[in-house]
Amino acid sequence: MSELFDRIDALVASRSALPPPTERKRLRQAHGLTLDEVASALDVRRATVSGWESGKTEPRPPEREAYARLLGKLAELYPADPDVTGPVQGTAVPARSSSAPAPAPQAQPAPTDAAPEAEAMTTGQTTRTRPAARAVPPAAAPGPARTSKPSSASRRPVERKAVAAGSPADGTDSRFENGPLAVVDVDADGQVYAYCVGGLVLDVSAKSIPALVDWTLKEAKLGQPKLSGPGKDADPLLVLTESALERYGLPVALTQEERLAGRIPEGHKVIKQLVRAEWKLTKRGFGPWARIYRPATGSERACVQLCIPSWNALDSRHWGEARQLPSADLARVLGVYASRVMTPRGSAAVTGLELMTALHPPTRASEPDATGKRHSERNPGSLGKEPVDCAPCEAPDGHPLLADLPRFHVRGPDEKLFEEAYDWARPLTDAECTLRHLVGIDVNMAFAAGANGLVVGLGAPTHVQAPVFDAKLPGSWLVDLSQVDLSRVKVAKDKWADLDASLMPSPFTPKGEQPQGPAWYATPTVAYAVELGYDVTPIEAYVRYENGRYLDAWYQRLRDAYLATMADLGVHAELPPADFLAAMDGYRQRDPDLAIVASAIKATVKGGLGKLRERPRGEGWKPGRPWRALSRPTWRPDIRAAVISRTRINLHRKIVKHAAFTGQYPVAVLSDCAVYAADGESPLDFLPYRDGKPLPGGFKLGVNPGLVKWEGTQSVLWGEGVREQFQAPELNLARYIKDGTVTDQDNGE
């Protein structure tokens, strides 16, 4: 009898109502489930579940019964506002209507934070519309429109409406009225659509990649205005989905050989089509971030950038699950990033570097000469068009400047500038072992804050013997800082503090060890020794007399992008400490798509700075020979070293202030994270706030770059147990403080 009842239950479930696609996604995310977890439980592919949530496909028996049961259980746990989610679908497989399409259900705006209206897009004689954005959760500030992918029935002829305020297509430049980019997708009927920012959808008539490029430049009205007066407008970006790749004859995934090469073969039929149409590819070929162009004629550019997520164009380390998003949501994520940072030009690292150039173009037009003609000249404050050699001490191993060194020579601190982020830890003291918790705090956008206001060299270095140190002069200095006594340091004007130097890292080395003799340092490191109250006498230096605050505009744009995105996620600047910690708790779940943007912005900072000293990437390179990155004016290891130096010094300054005031010292420091022993689980249990005000010059909770957030808390017993397990008394616990997970691989075993 029970078996009969089970069959009856299954029959009922096979016809039970399913919530609409947007509600399916909401329920999954509300319970913290990933697409992979749901797919594994239902024994289907990840893309299948994604299609159910986007409305592209509908589940069929027998998976439908199990999926309906899952959604029913989640709906009981996380009931939804019916005004927002709309009606459920009452049939197993909705039939496609052959009559005129009906209006799609639209989300109702919240009473105060109204969602943008539905927008329309006119393409030739056809006008398309998209449903209104989902309302932002009450805890988060209203952000750019978030949309779910429409079915064909959601598009109907209407009059064109204004683009949503705040969207990337909100500018006044009519050339780019449809925004900076579009996601190209193909529906079940084979119709190609371009999903733009602000919920706009364009019909695409192109039948090949060359035709798609032509359509983009002539009809799509995509692109972005230049960020600086002498700069160039951003080229339009097309993101090709898997269905679009199939439609245009490109592979959905690269083979292992193609992944290693970073491109498809030169003999591929699509490349032959481009050649016949007289289009060109850059030296990196047709890869995940292909650029298709024709040589510029005058000021007119003819160039289109392609982004292919299934070829790993959107690295999951920086872009999370962006490549799995429905087309409309992916357009929203990339559109917000483009409006606040810039149109992506490649990986987050490449875009970070390109942003520097876009804000400080290498050249500008000169004043008219006697004949009234203008010429190209160097733009003041830029790095110029031509690369400059670094100093020998700044050159990484294998650089052509070091070609005369013996093959297996290892350079020491007196030969090589080694400014890197912290990786330091120490055993807990007996007093710290009596405390209950280890609490990690992390500096927000630490390297961006290190770039703020930093004076860096703009030209080539000048070698000087026995120079007088000048803290305002960027460069690399050979100086002996081993005499600096960290047990007695100046913490304010005419105020000294006695500290236990054995309980904190040295500010002069990444491993926190006291230097043993002369070594090369960037200007911020030497300046900090002077700040601590000690005289310095450099032996020699490579200084840059041509200098400026090259990174200020870069920092400001990335800072503003990050703060605006975090505000959309409900984390605002100037929140009181307790409110800030509460706002940070679960902020990613308030809008997972905008959380992707926040992560990408942070990756843009770190990656862009890393590109300043890009190493060889295969291509048959041999030590002592130049590699491709050296031909860029933005290959500047001295600038990278200065930013890292200043970032490390900023953190050490806070550690010193905190120790002088509280007597507390970190037990581990990793890059921008510091771990302290405390009786409580919150940073407020050891940070010295008085009447809501932090220690001047010390750690302060907040979302702004340079302020700190809670990174994670583990027990002291956990820390001691991990170190005992791996027999490593100085294992860096800051690396694992976030979730407490430690693996053998993490420790190189």
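**Helices, cores and a buried arginine**

Me: So α2 and α4 are oblique to each other; at what angle do their axes cross?

Reply: Oblique covers whatever isn't under 35 degrees (roughly parallel), over 145 (roughly antiparallel) or 65 to 115 (roughly perpendicular). Axes here are lines fitted to C-alpha atoms over the stretch in contact, with angles from 0 to 180 degrees between N-to-C directions. The axes of α2 (residues 21-30) and α4 (residues 46-54) come within 6 Å, and the crossing angle is roughly 125°.

Me: What kind of model is this?

Reply: Residues are numbered from 1 along each chain as its sequence is written, and side-chain values use heavy atoms, leaving out hydrogens and water. Local features need pLDDT of at least 70, side-chain atom pairs count only at pLDDT 80 or more, and totals for chains, interfaces and linings use all residues, since the model is predicted.

Me: Which residues of α4 make the contact with α2?

Reply: Contact means heavy atoms within 4.5 Å. From α2, the contact takes in Pro21, Thr22, Arg24, Lys25 and Arg28. On the α4 side, the residues are Trp52, Glu53 and Ser54.

Me: How many helices and strands does the protein chain have?

Reply: Both are DSSP runs numbered from the N terminus: helices are H or I with at least four residues, strands are E with at least two. The count for the protein chain is 22 helices and 24 strands.

Me: Is Arg291 buried or exposed?

Reply: Arg291 sits in strand β8 (residues 291-297). Buried means under 20% relative accessible area, exposed over 50%, and partly exposed in between, using a 1.4 Å probe and protein chains only. Arg291 comes out at 8% relative accessibility, so it counts as buried.

Me: Which side chains does Arg291 join through a polar contact of 2.3 Å?

Reply: A polar contact pairs N or O atoms within 3.5 Å; within protein, one must be able to donate a hydrogen and the other to accept it, and sequence-adjacent residues count only through side-chain atoms on both sides. At 2.3 Å, the side chain of Arg291 joins that of Asp235. Also at 2.3 Å, it joins the side chain of Gln305.

Me: Which helix gives the largest share of the largest nonpolar core?

Reply: A nonpolar core is a set of buried Ala, Val, Leu, Ile, Met, Phe, Trp, Tyr and Cys residues joined through side-chain atoms within 4.5 Å. This one has 113 residues, of which Trp319, Trp554, Met566 and Ile601 touch the most other members. The largest share is 9 residues, from helix α21 (residues 637-662).
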